[in-house]
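Colleague: Walk me through this model feature by feature, please. Give me the general idea each time, and then the case at hand.

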Amino acid sequence: MTLHLLKLPVNPLALQILESTAAEESPVAVVLSSKGELPHLRGVKMYRVTDSSSLGNGENVSYSRLLDMIFTADKVVAW
């Protein structure tokens with residue numbers, strides 16, 4: 001798995017790269033900060049880092065879970 005870490009404001013180049021890599025065999029996960037809207041990218045699992053269980057259009061993950069995801073990912077890209 002390739003884990004892409006996005007910060008706000010989201011880099012448009014990052015979104016282009018994510019759209020093009022979503023079709024590859026390796027799954028792509030994206031983690032955003034707790035604020036802002038999650039982009040809608042087909043084939044990309046979206047996560048939001050949060051301490052609360054606020055609603056969103058993606059899955060919420062804690063900082064502890066984010067750390068686990070970083071260490072289990074094959075590759076981590078920070079944008």
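Modeller: Let's begin with pairing: two strands pair if DSSP finds at least two bridges between them. Helices (H or I, at least four residues) and strands (E, at least two) are DSSP runs, numbered from the N terminus. Before we go on, this is a predicted model, so local features need pLDDT of at least 70 and side-chain atom pairs pLDDT 80 or more, while totals for chains, interfaces and linings use all residues. Residues are numbered from 1 along each chain as its sequence is written, and side-chain values use heavy atoms, with hydrogens and water left out.

Colleague: Fine. Which elements does the chain have, and in what order do they run from the N terminus?

Modeller: There are 2 helices and 5 strands, and the order is β-α-β-β-β-α-β.

Colleague: And how do the strands line up in the sheet?

Modeller: In general, strands of a sheet pair through backbone hydrogen bonds, either parallel or antiparallel. Here the 5 strands make an open sheet, ordered 4-3-2-1-5, with parallel pairing. Strand 4 (59-61) and strand 5 (75-78) are the edges, each pairing on one side only. On average, and with direction ignored, neighbouring strands are turned by 25 degrees against each other (axes are lines fitted to C-alpha atoms, for helices over the stretch in contact, and angles run from 0 to 180 degrees between N-to-C directions).

Colleague: Which residues can I use to check the register?

Modeller: Go across the sheet one pair at a time. Between strand 3 (residues 45-49) and strand 4 there are 3 bridges, and Arg48 sits opposite Asn60 there. Strand 2 pairs with strand 3 over 4 bridges, Ala29 having Lys45 as its bridge partner. Strand 1 (residues 2-5) is joined to strand 2 by 4 bridges; look for Leu3 with Ala29 and His4 opposite Val30. Strand 1 also has 4 bridges to strand 5, where Leu3 faces Val76.

Colleague: Now strand 2. Why is it described as largely enclosed?

Modeller: Buried means under 20% relative accessible area, exposed over 50%, and partly exposed in between (1.4 Å probe, protein chains only). Strand 2 (residues 28-32) is largely enclosed by the rest of the structure because 5 of its 5 residues are buried. As a rule, side chains in a regular strand alternate between the two faces of the sheet. In strand 2, Val28, Val30 and Leu32 point one way, and Ala29 and Val31 the other. Strand 1 is covered on both faces too, with Thr2 and His4 buried on one side and Leu3 and Leu5 on the other.

Colleague: What touches Val31?

Modeller: Contact means heavy atoms within 4.5 Å. Beyond its neighbours within four places in sequence, Val31 touches several residues, among them Leu3, Tyr47, Leu66 and Met69. Val31 counts as buried because its relative accessible area is 3%. From Val31 to Met46 is 6.4 Å, C-alpha to C-alpha, although they are 15 residues apart in sequence. Helix 2 (residues 63-72) lies across strands 1 to 5, at about 135 degrees to strand 1.

Colleague: His4 caught my eye. Is it buried or exposed?

Modeller: His4 is buried, because its relative accessibility is 5%. Its side chain makes a 3.0 Å polar contact with that of Trp79. By polar contact I mean a pair of N or O atoms within 3.5 Å; within protein, one must be able to donate a hydrogen and the other to accept it, and residues adjacent in sequence count only if both atoms are side-chain atoms. Leaving aside neighbours within four places in sequence, the contacts of His4 include Leu18, Val28 and Val77.

Colleague: Which residues of helix 1 are buried?

Modeller: In helix 1 (residues 12-21) they are Ala14, Leu18 and Thr21. They lie on the same side of helix 1 because they cover an arc of only 70 degrees around the axis, taken from the directions from the helix axis to the C-beta atoms. Their cover includes strand 1 and strand 2. Pro12, Gln16 and Glu19 are exposed on the other side. At the N-terminal end, Asn11 acts as a cap, with a side-chain oxygen 2.9 Å from the backbone nitrogen of Leu13.

Colleague: And over the whole chain, how much is buried?

Modeller: Of its 79 residues, 33% count as buried.
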